[in-house]
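Grab a pencil and work through these exercises with the structure open beside you. Each task comes with a solution in steps.

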Amino acid sequence: MSASLHLTVSIDRAAAEVYDYARDPAHLPAWAAGLAGGIAEVDGEWVADSPMGRVVVRFAERNPFGVLDHDVTLPDGTTVTNPLRVLPDGAGCEVVFTLRRAPAMTDEEFATDAAAVTTDLATLKRVVEAGH
C-alpha cells in the first residue's frame with residue numbers, strides 16, 4: 001500500500017458547475033500544468049502532451065457523486081490512477097485530489113508532486129471562479 005496525501009481547495013461555485021468544467025478533458029490545459037502542452041481527442045481517446053511525453057487521459061464515467069477519478073497512461077504503458085472528487089459544501093464546493101506516492105519516489109519528488117497538484121487546484125479555483 002502506498003502513502004497518500006489529500007490536497008484540497010474550496011471553490012466558491014456550485015459543485016455541479018465545477019464538476020462539469022473539470023470533467024471536460026478539453027479544459028485540462030487551462031488548469032493542469034502537466035497537460036498544458038495541449039490535449040486532443042484521437043480515435044476516441046484523450047491524448048495529451050506532458051513533460052513525460054504523450055499520455056492518454058481517461059475520466060470515470062459521468063456520475064452524480066462528484067467522482068472525477070482519472071487514469072493517466074504514461075508513454076511506457078504504466079497507468080497511474082488519480083482519485084479526484086468534487087464535494088458540495090453549501091453554495092460552493094471542495095475539490096479533493098488524493099496524491100499517491102509511487103514506490104520508488106523520494107521525499108523530494110513526492111513534495112514536488114504535492115506542490116504541483118496544489119498549484120493546479122489553485123488554478124482550477126481561479127479559472128472556475130472567474131467564469132472559465
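**Exercise 1: the core**

Find the residues that touch the most other members of the largest nonpolar core, then see which elements build this core.

*Solution.* Step 1: the largest nonpolar core has 34 residues, and those touching the most other members are Ile11, Leu28, Trp31, Val57, Val86, Val95 and Leu124. A nonpolar core here is a set of buried Ala, Val, Leu, Ile, Met, Phe, Trp, Tyr and Cys residues joined through side-chain atoms within 4.5 Å. Buried means under 20% relative accessible area, exposed over 50%, and partly exposed in between (1.4 Å probe, protein chains only).

Step 2: at least two residues of this core come from each of β1, α1, α2, β4, β7, β8 and α3. Helices (H or I, at least four residues) and strands (E, at least two) are DSSP runs, numbered from the N terminus.

Step 3: the top supplier is α3, with seven residues.

Before going on, two notes on the model. It is a predicted one, where local features need pLDDT of at least 70, side-chain atom pairs count only at pLDDT 80 or more, and totals for chains, interfaces and linings use all residues. Residues are numbered from 1 along each chain as its sequence is written, and side-chain values use heavy atoms, with hydrogens and water left out.

**Exercise 2: one tryptophan, one helix**

List what Trp31 is in contact with, skipping neighbours within four places in sequence. Then look at the buried side of α1.

*Solution.* Step 1: contact means heavy atoms within 4.5 Å. Trp31 has Tyr21, Ala22, Leu84, Asp120, Thr123 and Leu124 as such partners.

Step 2: Tyr21 and Ala22 are also among the buried residues of α1 (15–23), along with Ala15, Val18, Tyr19 and Arg23.

Step 3: the cover over these buried residues includes β1 (4–11), α2 (28–31), β4 (53–59), β7 (84–89), β8 (92–100) and α3 (107–129).

**Exercise 3: the whole fold**

Count the helices and strands, and put them in order.

*Solution.* Step 1: you should get three helices and eight strands. Step 2: from the N terminus on, they run β-α-α-β-β-β-β-β-β-β-α. Step 3: buried residues make up 39% of the 132 residues.

**Exercise 4: an odd phi**

Where does Asp43 lie, and is it buried or exposed?

*Solution.* Step 1: Asp43 sits in the loop between β2 (39–42) and β3 (45–50). Step 2: its relative accessibility is 79%, so Asp43 counts as exposed. Step 3: its phi is positive, about 50°, although Asp43 is not a glycine. Most residues other than glycine have a negative phi.
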